[in-house]
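The following report describes selected side-chain and helix-packing features. It moves from aromatic rings to helix pairs and ends with one loop residue.

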Amino acid sequence: MKKFGIFVIKPDAINEQDLRIIKNVLTSYGFPYNLCFRMKKYCDVMQKYRETDIKFKNYENAEEEIKGCGVALSAYRQLYGSSEGIVMLIPLRKESFKEFYDSANVAKREIRRQIEEGRGYCYAYVDYLTNPHLTKMTLGEYALLKSKDKENINKAYINGIHLEDYECLENNFCLNFMVEHGIITKENKVDIDELLDDMQDERDY
C-alpha cells in the first residue's frame, strides 16, 4: 500500500503569494503537490481532528491539550471564519517515515519563514495571561514587545501550513481521518497550479 505524508494549507495561505512560496519550496525538496483536496470549514475540521488526535495519543492532560488547541484555532475563527483549507497528500518514495518527516519538517519551516518574511507582519496575543487581544503588528514590533514581556505576548499560529506530527504519520492517523471525514474525495480534488493561474488571471484583469 502506498504511503502518504500530509501537509495542510491553512486559510491564510490560500492566496497567490503564499501558494507560490509553498509550490516552490515543495518542488525544491522534491515533494510532488498534485494530490490536493479542498477542506471546507477549516476550523471545524481541524478542531475535530485535534480532539481525535489527542484521544488517539492518550494524553494524561487531554482537557488542557484540547483547550490549548482551541486557543490556537480561535485566531483563525476570528480572522477567517468558515474559510477553506487544502489537504496535500505527499507520497513517500523509498525513504523511511523518519527520513520523510525530517525533510518535510525542514520544508515546513522554510515555507513558514518565507511566508512571514513576505508578509512583514504577524498576529499576536497581547496581554495573553490576563485579557488576550489578537493584534496585527510588524515583525519588528513583535520582537520588541516579546523582548520586554516574554510571558504576556504570544504569536498566533497564522503561519500558512501544517505538517502532521511524526506519530500521526507513522500510524496513518491523519490520512485515515481525512478519508473518514469526507475530505479526500474526487469531488474535493483541487489543482494548485490551476488555482494560481486563476488568481493571476484575476490580478491581470
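## Aromatic rings and helix packing

In this predicted model, Phe7, Phe31 and Phe100 are joined into a cluster by ring pairs. Across the whole structure, the search for aromatic pairs returns nine of them, and one of these is the pair made by Tyr121 and Tyr123, which is edge-to-face, with 5.9 Å from centre to centre and 90 degrees between the planes.

The two tyrosines of that pair can also be described by their accessibility. Tyr121 has a relative accessible area of 26% and is partly exposed, because the range for that class begins where the buried class, under 20%, ends. Tyr123, at 17% relative accessibility, falls under that 20% limit and therefore counts as buried. Tyr121 has a further partner in Lys136, which lies over the face of the Tyr121 ring at 4.2 Å from the ring centre.

Two helix pairs are set out below, each with its axis angle, axis distance and handedness.

| Helix pair | Axis angle | Axis distance | Crossing |
|---|---|---|---|
| α2 (residues 42-57) and α7 (residues 173-180) | roughly 135 degrees | within 11 Å | right-handed |
| α1 (residues 16-28) and α8 (residues 192-204) | about 145 degrees | 10 Å | left-handed |

For the first pair, the axes cross at roughly 135 degrees, and α2 is therefore oblique to α7. The residues that make this contact are Val45, Met46, Lys48, Tyr49, Thr52, Asp53 and Phe56 on the α2 side, and Phe173, Cys174, Phe177 and Met178 on the α7 side.

For the second pair, helix α1 and helix α8 pack with their axes 10 Å apart, and the crossing is left-handed. Here α1 contributes Glu16, Leu19, Arg20 and Lys23 to the contact, while α8 contributes Ile192, Asp193, Leu195, Leu196, Met199, Gln200 and Arg203.

Where does Lys40 lie, and is Lys40 buried or exposed? Lys40 is located in the loop between β2 (36-39) and α2, and with 53% relative accessibility Lys40 counts as exposed, because the threshold for that class is over 50%. When neighbours within four places in sequence are left aside, Lys40 is in contact with Val45, Glu84 and Asn188; of these, Val45 is also among the α2 residues that make the contact with α7. Glu164 is 124 residues from Lys40 along the chain, and the C-alpha atoms of Lys40 and Glu164 are separated by 18 Å.

Key:
Residues are numbered from 1 along each chain as its sequence is written. This is a predicted model: local features need pLDDT of at least 70, side-chain atom pairs count only at pLDDT 80 or more; totals for chains, interfaces and linings use all residues. Side-chain values use heavy atoms; hydrogens and water are left out. Rings of Phe, Tyr and Trp (its six-membered ring) pair if their centres lie within 6.5 Å; planes under 30 degrees apart count as stacked, over 60 as edge-to-face and the rest as tilted. Buried means under 20% relative accessible area, exposed over 50%, partly exposed in between (1.4 Å probe, protein chains only). A charge sits over a ring if NZ of Lys or CZ of Arg is within 6 Å of the ring centre and within 35 degrees of the ring normal. Axes are lines fitted to C-alpha atoms, for helices over the stretch in contact, and angles run from 0 to 180 degrees between N-to-C directions. Helices (H or I, at least four residues) and strands (E, at least two) are DSSP runs, numbered from the N terminus. Angles under 35 degrees count as roughly parallel, over 145 as roughly antiparallel, 65 to 115 as roughly perpendicular and the rest as oblique. A crossing is left-handed if the near helix is turned anticlockwise from the far one by less than a right angle, and right-handed if clockwise. Contact means heavy atoms within 4.5 Å.
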